[in-house]
Amino acid sequence: MTAPNGRQADATTGAPGAAAVRQDTVSAVVRQWQAVHPDLDTGPMEIIGRINRSAALLQQAEDAPLRRAGLSRPEFDLLGALRRTGHELTPGDLARETFSSGAAVTKRLKQLTERGLVDRRGDTRDRRVAHVRLTDAGRELVDGILPEQLAYETAVLSVLDGERQGELATLLGELLGRLEGRLGALRA
């Protein structure tokens, strides 16, 4: 892997100057782009590409418990939002909690209601507003799946020691906080 400054970097630590120890899919992509456009800084691609590739691989494996339960990731996200907040939410609240569109939330809520996992009730003051809550079956489903999800995540992250996990969490948290701030300002 080549660091943004053009020097060889350690694929394990990303430290410039160290010999490349391990290669990944993104390293090959970056090398190909550097051959085609040696004048371009591919440093951002090395980070964003790895985040995207890691997310895709994690999503594929992580969704296995959900598929066994007959749920999609977005449906589980809605159920999880209701469970972790501990109270009724409106579809608009759920859209914000799950970073989904209102139309997508409405469609998923219809399916989850038909399965008996959520209940919807109208607002007594405004008939246009609905309030959504988990049913007992929905709560049991979320509580049953969550330990399996966390066990999977623990196993995946076990390749990094606790200190490295903390460093990664801190860096990703910093990036996410800045992106949310910037993108939130752009939407306003």
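Surface patches here are built from residues with over 30% relative accessible area and no salt bridge, with like charges joined within 9 Å and nonpolar side chains (Val, Leu, Ile, Met, Phe, Trp, Tyr) joined within 5 Å. A salt bridge is a side-chain nitrogen of Lys or Arg within 4 Å of a carboxyl oxygen of Asp or Glu, and accessible areas come from the Shrake-Rupley method with a 1.4 Å probe, with only the protein chains shown counting as cover for residues. The model is a predicted one, in which local features need pLDDT of at least 70 and side-chain atom pairs count only at pLDDT 80 or more, while totals for chains, interfaces and linings use all residues. Numbering runs from 1 along each chain as its sequence is written, and side-chain values use heavy atoms, leaving out hydrogens and water.

On the surface, a nonpolar patch takes in Ile47, Ile48, Ile51, Leu168, Leu172, Leu175 and Leu179, together offering about 540 Å² of accessible area. Helix 2 (43–68) and helix 7 (162–187) are the elements that each give two or more residues to this patch; helices (H or I, at least four residues) and strands (E, at least two) are DSSP runs, numbered from the N terminus. The largest share, four residues, is down to helix 7. Ile47 sits in helix 2 and counts as exposed because its relative accessibility is 52%, given that exposed means over 50%, buried under 20% and partly exposed in between (1.4 Å probe, protein chains only).

Helix 3 tells the inside story. Its 13 residues (73–85) should span 18 Å at 1.5 Å a residue, and the end C-alpha atoms are indeed 18 Å apart; the expected span is 1.5 Å times one less than the number of residues. Buried in helix 3 are Arg73, Glu75, Phe76, Leu78, Leu79, Gly80, Ala81 and Leu82. The buried residues of helix 3 pack against a whole crowd, including helix 2, helix 4 (91–98) and helix 6 (136–157). Just past helix 3, Gly86 takes a positive phi of about 75 degrees.

The largest nonpolar core (buried Ala, Val, Leu, Ile, Met, Phe, Trp, Tyr and Cys residues joined through side-chain atoms within 4.5 Å) has 20 residues, and Leu79, Leu82 and Leu94 are among those with the most contacts inside it. Helix 3 gives the most to this core, with five residues. Beyond its neighbours within four places in sequence, Leu94 is in contact (heavy atoms within 4.5 Å) with Leu78, Ala81, Leu82, Leu89, Val105, Leu109 and Val132.
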